[in-house]
Amino acid sequence: MAEPTTADRDPEAVSQFVEGFAAQLVEAGMQRMPARVFAALLASDAGAMTSAELGDQLQVSPAAVSGAVRYLAQQHMVSREREPGSRRERYRVHSNQWYEALTNRDAVLKRWEQALRSGVDSLGPATPAGHRLSETLAFFEFVDGEIAAMMERWRAHREKLYGDS
C-alpha cells in the first residue's frame with residue numbers, strides 16, 4: 001500500500017487540527033496568530049511554507065503572517081529561508097523546535113536568576129521580601145538544573161527513537 005500524500009488529506013481535517021492545536025497554544029499563553037502559523041507549519045509535510053501559502057491556508061493577511069513569523073523567529077520556533085533563485089522567503093519549523101524554544105527559555109531563566117540575586121542583595125536576605133526573593137531564586141535555579149538534565153535525557157531518547165536526524 002502506498003504512503004499517504006498531502007493530496008490525500010482532507011483539508012477540513014487539517015484545518016481542524018491547526019485551529020485545535022493553535023487553541024491549545026493560546027490557552028498556554030501564546031498569541032493567537034503566532035499559534036496558528038506555528039500549527040500550520042507543523043502540520044505541513046515540508047515543515048516550511050511561504051507567507052502567501054500561510055495566508056491562503058489561514059485566510060489572513062500577509063501583515064498578520066509577517067508579525068506572527070517575527071514573534072516565532074524571536075522565540076526560536078521557526079527560521080527564515082530564501083527560496084533559491086527567488087526573493088521569497090519560506091518559514092520553516094524544525095524537528096528540534098521544542099528543544100530550541102526551551103533552550104531559549106533557559107536564557108530567560110538565567111536573566112531572572114541574576115535579577116533575583118540582585119533583589120536579594122538589595123532587600124537583604126533576612127527581610128521578608130528578601131526571603132521571598134531568595135526562595136524564588138532557589139526555585140528558578142532548581143528548574144534551570146532540571147531543564148539541563150531533562151534535555152540531555154531527551155537527546156538520548158530522541159536518538160534511540162529517530163536516530164541522528
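**Why the terms apply: sheet, helix pair and single residues**

An open sheet of three strands, paired antiparallel, has the order β1-β3-β2. The model is predicted.

User: What makes β1 and β2 edge strands?
Analyst: Each of them pairs on one side only; β1 covers residues 48–50 and β2 covers 79–82. In the order β1-β3-β2, strand β3 stands between them.

User: How do you know that β1 and β3 pair, and in which sense?
Analyst: Pairing requires at least two bridges between two strands. β1 and β3 (residues 89–92) have three bridges, so they count as paired, and the sense is antiparallel. A48 stands opposite R92 of β3, and T50 has R90 of β3 as its bridge partner.

User: What makes β2 and β3 a pair?
Analyst: The cut-off is again at least two bridges. β2 and β3 are joined by four bridges, in the antiparallel sense, and therefore meet it. R82 stands opposite E89 in β3. The hairpin of these two strands has six residues between them, and there G85 takes a positive phi near 75°.

User: By how many degrees are neighbouring strands of this sheet turned against each other?
Analyst: The average is 35°, with direction ignored.

User: Where does helix α3 lie, and at what angle to β1?
Analyst: Helix α3 (residues 51–58) lies across β1 and β3 and runs at about 90° to β1.

User: Why is T50 called buried or exposed?
Analyst: T50 is in strand β1. Buried means under 20% relative accessible area. The value for T50 is 2%, so T50 counts as buried. Apart from neighbours within four places in sequence, T50 is in contact with E83, R88, E89, R90 and Y91.

User: Why are α1 and α2 called oblique to each other?
Analyst: Their axes cross at roughly 135° and come within 8 Å. Roughly antiparallel would need an angle over 145 degrees, and roughly perpendicular runs from 65 to 115. The crossing angle falls in neither range, and α1 and α2 are therefore oblique. Helix α1 spans residues 11–27 and helix α2 spans residues 32–43. The crossing is right-handed.

User: Which residues make the contact between α1 and α2?
Analyst: From α1 they are F17, V18, E19, F21, A22, L25 and V26; from α2 they are R32, A35, R36, F38, A39, A40, L42 and A43. By class, this contact has 12 nonpolar, no polar and three charged residues.

User: What is the phi of Q59, and why is Q59 called buried or exposed?
Analyst: Phi is about 55°, a positive value although Q59 is not a glycine. The residue lies in the loop between α3 and α4 (62–74). Exposed means over 50% relative accessible area. At 72%, Q59 is therefore exposed.

User: How do you know which accessibility class H76 belongs to?
Analyst: Partly exposed covers the values between the 20% and 50% limits. H76 has a relative accessible area of 40%, so H76 is partly exposed. H76 lies in the loop between α4 and β2, and phi of H76 is positive, near 60°, in a residue other than glycine.

User: Why is A138 placed in its accessibility class?
Analyst: A138 has 41% relative accessibility and therefore counts as partly exposed, by the same limits of 20% and 50%. A138 lies in helix α6 (residues 128–162). The C-alpha atoms of A138 and R117 are separated by 9.8 Å, and the two residues are 21 residues apart along the chain.

Note on methods
Residues are numbered from 1 along each chain as its sequence is written. This is a predicted model: local features need pLDDT of at least 70, side-chain atom pairs count only at pLDDT 80 or more; totals for chains, interfaces and linings use all residues. Side-chain values use heavy atoms; hydrogens and water are left out. Axes are lines fitted to C-alpha atoms, for helices over the stretch in contact, and angles run from 0 to 180 degrees between N-to-C directions. Angles under 35 degrees count as roughly parallel, over 145 as roughly antiparallel, 65 to 115 as roughly perpendicular and the rest as oblique. A crossing is left-handed if the near helix is turned anticlockwise from the far one by less than a right angle, and right-handed if clockwise. Contact means heavy atoms within 4.5 Å. Ala, Val, Leu, Ile, Met, Phe, Trp, Tyr, Cys and Pro count as nonpolar, Asp, Glu, Lys and Arg as charged, and the others, Gly among them, as polar. Buried means under 20% relative accessible area, exposed over 50%, partly exposed in between (1.4 Å probe, protein chains only).
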